[in-house]
Amino acid sequence: MTAVTGALLAEPDMTAFRTAMGRFPTGVALLTQGSGEDTIVMTLNSLTSVSLDPLLILVSVKADGRMRPRISRAGSFAVNILTGPQRSLAQEFCRPDRPEGPAAMLRLSAEKGVTGNAVLPAAEAYLECVLDAEHSAGDHTLLIGRVVALSGGPSAPDPLLFHQGRFGRLSAERPGEAA
């Protein structure tokens, strides 16, 4: 137990932590490194805007996963923010046996971006980054990317969301409309 301003707090367990964090809705994206024969892709929901000057984002990846060393060596990556209709891509690219190389490019209808990483023109948006910094954080590595190119995607937003272990979408109601 830990004392904090007179109160005793029990150390939370991993299950309680996952449940609590599952209550925070997130967007869903595909993190890509490379293109063509060298394409690797993973589903991501840890994306944070860090700075506007310079333009920086943060993504979190498993320290011992296959994505981190590839990004470290190449010095770049892309984040493709998914739309509601792209849910099947999120599900497919979170599996250990997910497609790589040309099969991934074809499945994503991806193009080679200016950083040499796969981008999805049909995504809600994509951000191409050069690696600015890496920070070890428990069993993950935080990757800070400097945004060097981006695209806004379709004109009618329809982002894919993840909340309490399920995919979802925003309601059709727009700000200012009566409920």
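**Exercise 1. Identify the salt bridge between Arg68 and Glu134, and place both residues in the fold.**

Step 1. The side chains of Arg68 and Glu134 form a salt bridge, 4.0 Å from N to O. The term requires a side-chain nitrogen of Lys or Arg within 4 Å of a carboxyl oxygen of Asp or Glu.

Step 2. Locate the partners. Arg68 belongs to helix 2 and Glu134 to strand 11, so the bridge ties together parts 66 residues apart in sequence. Helices (H or I, at least four residues) and strands (E, at least two) are DSSP runs, numbered from the N terminus.

Step 3. Check exposure. Arg68 is partly exposed at 22% relative accessible area. Glu134 is partly exposed at 34%. The classes are buried (under 20% relative accessible area), exposed (over 50%) and partly exposed in between, with a 1.4 Å probe and protein chains only.

Note on the source: this is a predicted model, where local features need pLDDT of at least 70, side-chain atom pairs count only at pLDDT 80 or more, and totals for chains, interfaces and linings use all residues. Residues are numbered from 1 along each chain as its sequence is written, and side-chain values use heavy atoms, with hydrogens and water left out.

**Exercise 2. Find further salt bridges and state what each one links.**

Step 1. The count comes to 5 salt bridges. One of them joins Glu100 and Arg66, at 2.6 Å from N to O.

Step 2. This pair links distant parts of the chain, 34 residues apart. Glu100 sits in the loop between helix 3 (87-92) and helix 4 (101-108). Arg66 sits in the loop between strand 7 and helix 2. Glu100 is partly exposed at 39%, and Arg66 is partly exposed at 34%.

Step 3. Arg107 and Glu92 form another, with the closest N and O atoms 2.5 Å apart. Arg107 lies in helix 4 and Glu92 in helix 3, so parts 15 residues apart in sequence are tied together. Arg107 is partly exposed at 36%, whereas Glu92 is buried at 14%.

**Exercise 3. Work out the sheet order, its edges and the helix packed on it.**

Step 1. The open sheet has 7 strands in the order 5-4-8-11-12-7-6, with antiparallel pairing. Two strands pair if DSSP finds at least two bridges between them.

Step 2. Strand 5 (40-44) and strand 6 (47-52) are the edges. Each has a single partner strand, so one side of each lacks a neighbour in the sheet.

Step 3. Neighbouring strands are turned by 35° against each other on average, direction ignored. Axes are lines fitted to C-alpha atoms, for helices over the stretch in contact; angles run from 0 to 180 degrees between N-to-C directions.

Step 4. Helix 2 (residues 67-74) packs on the sheet, and its direction makes about 55° with that of strand 4 (29-33). Among the strands that helix 2 touches are strand 8 (76-81) and strand 11 (125-137). Contact means heavy atoms within 4.5 Å.

Step 5. Strand 6 and strand 7 (residues 55-62) run antiparallel, joined by 5 bridges. Thr48 stands opposite Leu58 in strand 7.

**Exercise 4. Describe the nonpolar cores.**

Step 1. A nonpolar core is a set of buried Ala, Val, Leu, Ile, Met, Phe, Trp, Tyr and Cys residues joined through side-chain atoms within 4.5 Å.

Step 2. The largest has 16 residues. Leu31, Ile57, Val59, Met67, Phe77 and Val79 have the most contacts inside it. Helix 2 and strand 7 are among the elements that each supply at least two residues of this core.

Step 3. Beyond its neighbours within four places in sequence, Val59 contacts residues including Leu44, Phe77 and Leu143.

Step 4. A second, separate core of 15 residues includes Leu30, Leu82, Leu108 and Leu120.
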